[in-house]
Amino acid sequence: MSVTPLAAHTSTRPAPAFRGRIGRDARSGHYAVPRRYRLHLSTACPDGLRIAVAHALLGLDDICPATFLAPIPDSADDGHAVLRPLYDASAHRYSGPALAPVLSDDWSGRIVSNHAPDITRDLARRFGHGRLELYPCGAESEIEAVEDMCAQGIEEAAQRAGGAGAEPAERDEALGTLLRSLGALDRWLDGRTYMIRNQITAADVELWVTLVQLDTVHRHHLDATAVQRIAAHPALWDYARRLAAHPAFGAHLDLDAIARRHHARCQGLEAAGAAVQILDWAAHATAGTGARPQVEGP
């Protein structure tokens, strides 16, 4: 089954400062060795949450340990002070912010990558053998289509629909894009348990985190009518509710951390939609049995 109609959107992810990859063997420099690499994540950040969920689904705690960071970066440039030594060791006179997520190499003390999609793919492909297949054979184009739709049709559209400085016509156009995307997903998921296969894949991780952001962050900048229209997609939100109850998803859902990060970064105006919660995420996530990770930093 194909999700080709979802591929009409293009990704606008920013270019990463570091984009090394884990290869198949020693000839690639970075190759798959248990406990050689370490993740540095903030689950308040959507990219960090995606990686944390994938890491948990793959059961990689002992193979690639994760260090969890505070939800709010503590440097003036919006970076994490605890990551600064890694960045300084990885690039001469690096002047940019020490951003998370990061995959580091404990052997060299340097960064392999801070590009979230590459990190997730390398964890699955180099360490996921015999585990859950997050990227099943032949599914890459479908997964990329879901990623692009989430980035443009939901994330970017929601930001524009709630933009404080946007003209009413621009906000209405963006809301229309958002609702069309949600409608397509709702129809697609009607009668399905997962997005593209009969098991959890990276497409489900991507979409679930995007829906978390939509309800916990973006709805605060939309009016109540818009949020009610967003909520009127029962198959889509039932899907989000089911995944929240899965231990790998729910155990990493820290609503307080997401709220703290949002309030620290957001410069938009709060709208009436802030009072119209779509899902009671905390109640559904209690079905998860995993413990929330300990956080390093303030």
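Cysteine 137 counts as exposed in this predicted model, because its relative accessibility of 77% is over the 50% that marks an exposed residue. Cysteine 64, by contrast, has a relative accessibility of 0% and therefore counts as buried. A search of the whole structure for disulfides returns zero.

**Overall make-up**

The protein contains eleven helices and five strands. It has 298 residues, of which 51% count as buried. When contacts are restricted to residues at least 6 apart in sequence, 74% of them join residues at least 24 apart.

**Two helix pairs**

Helix 1, residues 46–58, packs against helix 6, residues 202–216. The angle between them is about 140° and their axes are 10 Å apart. The two helices are therefore oblique to each other, since an angle of about 140° does not exceed the 145 degrees above which a pair counts as roughly antiparallel. Their crossing is right-handed. On the helix 1 side the contact is made by Pro46, Leu49, Arg50, Val53 and Leu57. These meet Val205, Glu206, Trp208, Val209, Thr210 and Gln213 of helix 6. Sorted by class, the residues of this contact are seven nonpolar, two polar and two charged.

A second pair is formed by helix 5, residues 168–189, and helix 8, residues 234–244. Here the angle is about 75° and the axes are 7 Å apart. Helix 5 is therefore roughly perpendicular to helix 8, as the angle falls within the range of 65 to 115 degrees. Leu182, Leu185, Asp186 and Leu189 are the helix 5 residues in this contact. Their partners in helix 8 are Pro234, Ala235, Leu236 and Tyr239. By class, the contact of helix 5 with helix 8 has seven nonpolar residues, no polar ones and one charged.

**Threonine 120 in helix 3**

Threonine 120 belongs to helix 3, which spans residues 116–127. It counts as buried because its relative accessibility is 10%, and the limit for a buried residue is under 20%. Apart from neighbours within four places in sequence, threonine 120 is in contact with Ile51, Ala54 and Tyr135. Of these, Ile51 and Ala54 lie within the residue range of helix 1. Leucine 134 is 14 residues from threonine 120 along the chain, and the C-alpha atoms of the two are separated by 9.2 Å.

**The loops on either side of helix 2**

Helix 2 covers residues 84–90, and the loop after it runs to strand 3, residues 102–105. Proline 101 lies in this loop. The peptide bond leading to it from alanine 100 is cis, with omega near 5°.

Arginine 93 is found in the loop between helix 2 and strand 3 as well. At 75% relative accessibility, arginine 93 counts as exposed. Its phi is positive, although the residue is not glycine. Aspartate 78 also has a positive phi. This aspartate is placed in the loop between strand 2, residues 66–69, and helix 2. Its relative accessibility of 33% lies between the limits for buried and exposed, so aspartate 78 counts as partly exposed. The phi values of the two residues are listed below.

| Residue | Phi |
|---|---|
| Aspartate 78 | near 75° |
| Arginine 93 | near 55° |

Glycine 96 is another residue of the loop between helix 2 and strand 3. With a relative accessible area of 16%, glycine 96 is buried. The C-alpha atoms of glycine 96 and aspartate 78 are separated by 9.7 Å, with their positions 18 residues apart along the chain. Not counting residues up to four places away in sequence, glycine 96 touches Asp77 and Arg84.

**Alanine 264 in helix 10**

Alanine 264 is placed in helix 10, residues 255–265. At 49% relative accessibility it counts as partly exposed, because exposed residues are those over 50%. Alanine 264 and isoleucine 72 are 192 residues apart in sequence. In space, their C-alpha atoms are 7.2 Å apart.

Technical notes: Residues numbered from 1 in each chain as written. Predicted model: local features only at pLDDT ≥ 70, side-chain atom pairs only at ≥ 80, totals over all residues. Heavy atoms only, no water. Disulfide = S-S within 2.5 Å. Buried < 20%, exposed > 50% of the residue type's maximum accessible area, 1.4 Å probe, protein only. Axes fitted to C-alpha atoms, helices over the stretch in contact; angles between N-to-C directions. Helix = DSSP H or I, 4+ residues; strand = E, 2+ residues; numbered from the N terminus. Parallel < 35°, antiparallel > 145°, perpendicular 65-115°, else oblique. Left-handed = near helix turned anticlockwise from the far one by under 90°. Contact = heavy atoms within 4.5 Å. Nonpolar A, V, L, I, M, F, W, Y, C, P; charged D, E, K, R; others polar.
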